[in-house]
Structure formats: C-alpha cells, structure tokens
Amino acid sequence: MRTWDRILRIVVGAALIIAFFMGVGGSWNWAFLIGIVPLVTGVLGSCPAYSVFGIKTSG
C-alpha cells in the first residue's frame, strides 16, 4: 500500500469516527462506525480486499 493510500484511509477513517462521536448522523449515527475499517487497514498497511482482487498500489 502506497503512502498516499494509507494517509487517505487514516484521514477518512478518523473523520468518520469523529462524526460518530459528535452525533452528526442522528438515528443513522452508528453507520459512521464503518470508519474503523479504513482506519485499521491504513494503520496496518494491508487491505484484505486488495489481496482478494489482486490490486496493488505499492508500485
């Protein structure tokens, strides 16, 4: 996973989790917890879906 991919995942994941804690979504607030997925994959630098579909962003 390239650096830009990891940074983007971490930023998007963190933004979604922050939105969850701020209560932005009303009754759909729980949906922001999906931000855990890009945050974890960005921190670990590995995406299981990339492996399954054969996608490589590492160059």
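What percentage of the 59 residues of the protein chain count as buried? Here are some friendly notes to read beside the structure.

1. **The answer, and a word on the model.** Of the 59 residues in the protein chain, 22% count as buried. Please keep in mind that you are looking at a predicted model.

2. **The overall plan.** The protein chain has three helices and zero strands, so when you follow the sequence from start to end you read the pattern α-α-α. Along the principal axes, the C-alpha atoms of the chain fill a box of roughly 40 × 20 × 15 Å. Now take the contacts in the chain whose partners have a separation of 6 or more: 57% of them are accounted for by residues 24 or more positions apart.

3. **Where two helices meet.** Look at helix α1, residues 3-22, and helix α2, residues 36-44. Their axes come within 7 Å and cross at roughly 145°, and the crossing is left-handed. On the α1 side, the contact is made by R6, R9, I10, G13, A14 and I17. On the α2 side, I36, P38, L39, T41, G42, V43 and L44 take part. Sorted by class, this contact of α1 with α2 has eight nonpolar, three polar and two charged residues.

4. **A closer look at T41.** You will find T41 in helix α2. Is T41 buried or exposed? T41 has a relative accessible area of 9%, and because the limit for buried is under 20%, T41 counts as buried. The side chain of T41 is joined to the side chain of R9 by a polar contact of 2.9 Å. A polar atom of the T41 side chain also lies 3.1 Å from the backbone oxygen of P38. Setting aside neighbours within four places in sequence, T41 is in contact with M1, R9, S46, C47 and P48.

5. **D5 and its partners.** Moving on to helix α1, we meet D5. D5 is buried, with a relative accessible area of 4%. Which residues does D5 contact, leaving aside its neighbours within four places in sequence? They are Y50 and T57.

6. **Y50, seen from the other side.** Y50 sits in helix α3, which covers residues 48-53. Without counting neighbours within four places in sequence, Y50 is in contact with D5, R9, I55 and T57. R9 is worth finding again here: R9 is also one of the α1 residues in the contact with α2, and the side chain of R9 has the polar contact with T41. For a distance to try in your viewer, pick Y50 and V24, which are 26 residues apart in sequence and 30 Å apart in space, C-alpha to C-alpha.

7. **Aromatic rings.** The structure holds two aromatic pairs. One of them is F20 with F21, whose ring centres are 5.1 Å apart. Why is this pair called edge-to-face? The planes of the F20 and F21 rings stand at 75°, and an angle over 60 degrees counts as edge-to-face. In general, a pair of aromatic rings is described by two things, the distance of the centres and the angle of the planes. As for exposure, F20 counts as partly exposed at 22% relative accessibility, whereas F21, with a relative accessible area of 67%, is exposed.

How values were computed. Residues are numbered from 1 along each chain as its sequence is written. This is a predicted model: local features need pLDDT of at least 70, side-chain atom pairs count only at pLDDT 80 or more; totals for chains, interfaces and linings use all residues. Side-chain values use heavy atoms; hydrogens and water are left out. Axes are lines fitted to C-alpha atoms, for helices over the stretch in contact, and angles run from 0 to 180 degrees between N-to-C directions. Helices (H or I, at least four residues) and strands (E, at least two) are DSSP runs, numbered from the N terminus. A crossing is left-handed if the near helix is turned anticlockwise from the far one by less than a right angle, and right-handed if clockwise. Contact means heavy atoms within 4.5 Å. Ala, Val, Leu, Ile, Met, Phe, Trp, Tyr, Cys and Pro count as nonpolar, Asp, Glu, Lys and Arg as charged, and the others, Gly among them, as polar. Buried means under 20% relative accessible area, exposed over 50%, partly exposed in between (1.4 Å probe, protein chains only). A polar contact is a pair of N or O atoms within 3.5 Å; within protein, one must be able to donate a hydrogen and the other to accept it, and residues adjacent in sequence count only if both atoms are side-chain atoms. Rings of Phe, Tyr and Trp (its six-membered ring) pair if their centres lie within 6.5 Å; planes under 30 degrees apart count as stacked, over 60 as edge-to-face and the rest as tilted.
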